[in-house]
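Here is a short report on one protein chain. Please keep the sequence and the 3D view open while reading.

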Amino acid sequence: MARIPPLSAPLVDDRRFVMRGPWSDFFQPEPIEWIDRGPVGSAAVVDWSRGRKQIVTLTASCAVAIRNGEDGGQYLLAVRSGSGGFAVTWPASVAWPGGVAPTVTLTPGKCDLVRMTYCEALGVWFSEIVQGYAE
């Protein structure tokens, strides 16, 4: 009987384990590292070609632009509140549950996590947020 390797140790060469479909982003053979964009001012461009998990730290109220998503791709954006009290304006292409963009956490030292899935056919970023993580 052949031994089936665990998912954490994929096969190599032409026998490599490859998953395709909507869940493939969750089964990466290696972890995807966070890209810390550092402080952002009044405008921030989130370019997903730089990485699927990014961190921004607010230093002012900020208008966000989002670029280079892949159809069906899932992305994480950690929004750090910095010294607090800053608002984020999301582009019209970002859709939120209930149709209303959330207010990011205003408390200093907190972090919100935004999960986005891009639908190329609609040109929409389906998004949800979990708020108020302590840093």
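## Asp112 and its polar partners

The side chains of Asp112 and Gln131 make a polar contact at 3.4 Å. This is a predicted model. A backbone atom is also within reach: the Asp112 side chain comes to 2.9 Å from the backbone nitrogen of Gly132. Asp112 itself sits in strand β8.

Which side chain of opposite charge is nearest to Asp112? That is Lys110, 8.8 Å away. Asp112 has no salt bridge, yet Asp112 is buried. Beyond four places in sequence, Asp112 touches Leu77, Ala78 and Val79. The list goes on with Val104 and Thr105. Ile129, Val130, Gln131 and Gly132 are on it too.

## Cys111, next along the strand

Cys111 belongs to strand β8, which covers residues 110-119. Is Cys111 buried or exposed? Its relative accessibility is 14%, so Cys111 counts as buried.

What does Cys111 contact, leaving aside neighbours within four places in sequence? One group of contacts is Ala78, Val79 and Arg80. Another is Gln131, Gly132, Tyr133 and Glu135. Take Ala78 as one case. Cys111 and Ala78 are 33 residues apart along the chain, but their C-alpha atoms are separated by 6.5 Å.

Several names recur from the Asp112 list. Ala78, Val79, Gln131 and Gly132 are among the contacts of Cys111, and these four are also among those of Asp112.

## The sheet

Strand β8 is part of an open sheet of six strands. The order is β1-β3-β5-β8-β9-β7, and the pairing is mixed. Strands β1 (35-40) and β7 (94-95) stand at the edges. Each has a single partner strand, so one side of each lacks a neighbour in the sheet.

Strands of a sheet pair through backbone hydrogen bonds, either parallel or antiparallel. In which sense do β1 and β3 pair? They pair in the parallel sense, over four bridges. Strand β3 spans residues 53-58. One bridge can be named: Asp36 has Ile55 in β3 as its bridge partner.

## Gln54 and Arg50

Gln54 lies in strand β3. Its relative accessible area is 0%, so Gln54 is buried. The Gln54 side chain reaches the backbone oxygen of Gly51 at 3.0 Å. Residues up to four places away in sequence aside, Gln54 touches Trp34, Ile35 and Arg37. Gln54 also touches Val46, Asp47 and Trp48. Leu76, Leu77 and Ala78 complete the list.

Arg50 is in the loop between β2 (43-47) and β3. Its relative accessibility is 46%, so Arg50 counts as partly exposed. Not counting residues up to four places away in sequence, Arg50 touches Ile35 and Arg37. Arg50 and Arg37 are 13 residues apart along the chain, with 10.0 Å between their C-alpha atoms. Ile35 and Arg37 are also among the residues that Gln54 touches.

## The chain as a whole

How many helices and strands does the chain have? It has zero helices and nine strands. From the N terminus on, the elements run β-β-β-β-β-β-β-β-β.

The chain has 135 residues, and 31% of them are buried. Its accessible surface comes to about 8500 Å². Carbon and sulfur atoms account for 56% of that surface. Now take the contacts between residues at least 6 apart in sequence. Of these, 46% join residues at least 24 apart.

How values were computed: Residues are numbered from 1 along each chain as its sequence is written. This is a predicted model: local features need pLDDT of at least 70, side-chain atom pairs count only at pLDDT 80 or more; totals for chains, interfaces and linings use all residues. Side-chain values use heavy atoms; hydrogens and water are left out. Helices (H or I, at least four residues) and strands (E, at least two) are DSSP runs, numbered from the N terminus. Buried means under 20% relative accessible area, exposed over 50%, partly exposed in between (1.4 Å probe, protein chains only). Contact means heavy atoms within 4.5 Å. Two strands pair if DSSP finds at least two bridges between them. Accessible areas come from the Shrake-Rupley method with a 1.4 Å probe; for residues, only the protein chains shown count as cover. Lys and Arg count as positive and Asp and Glu as negative; His and the chain ends are not counted. A salt bridge is a side-chain nitrogen of Lys or Arg within 4 Å of a carboxyl oxygen of Asp or Glu. A polar contact is a pair of N or O atoms within 3.5 Å; within protein, one must be able to donate a hydrogen and the other to accept it, and residues adjacent in sequence count only if both atoms are side-chain atoms.
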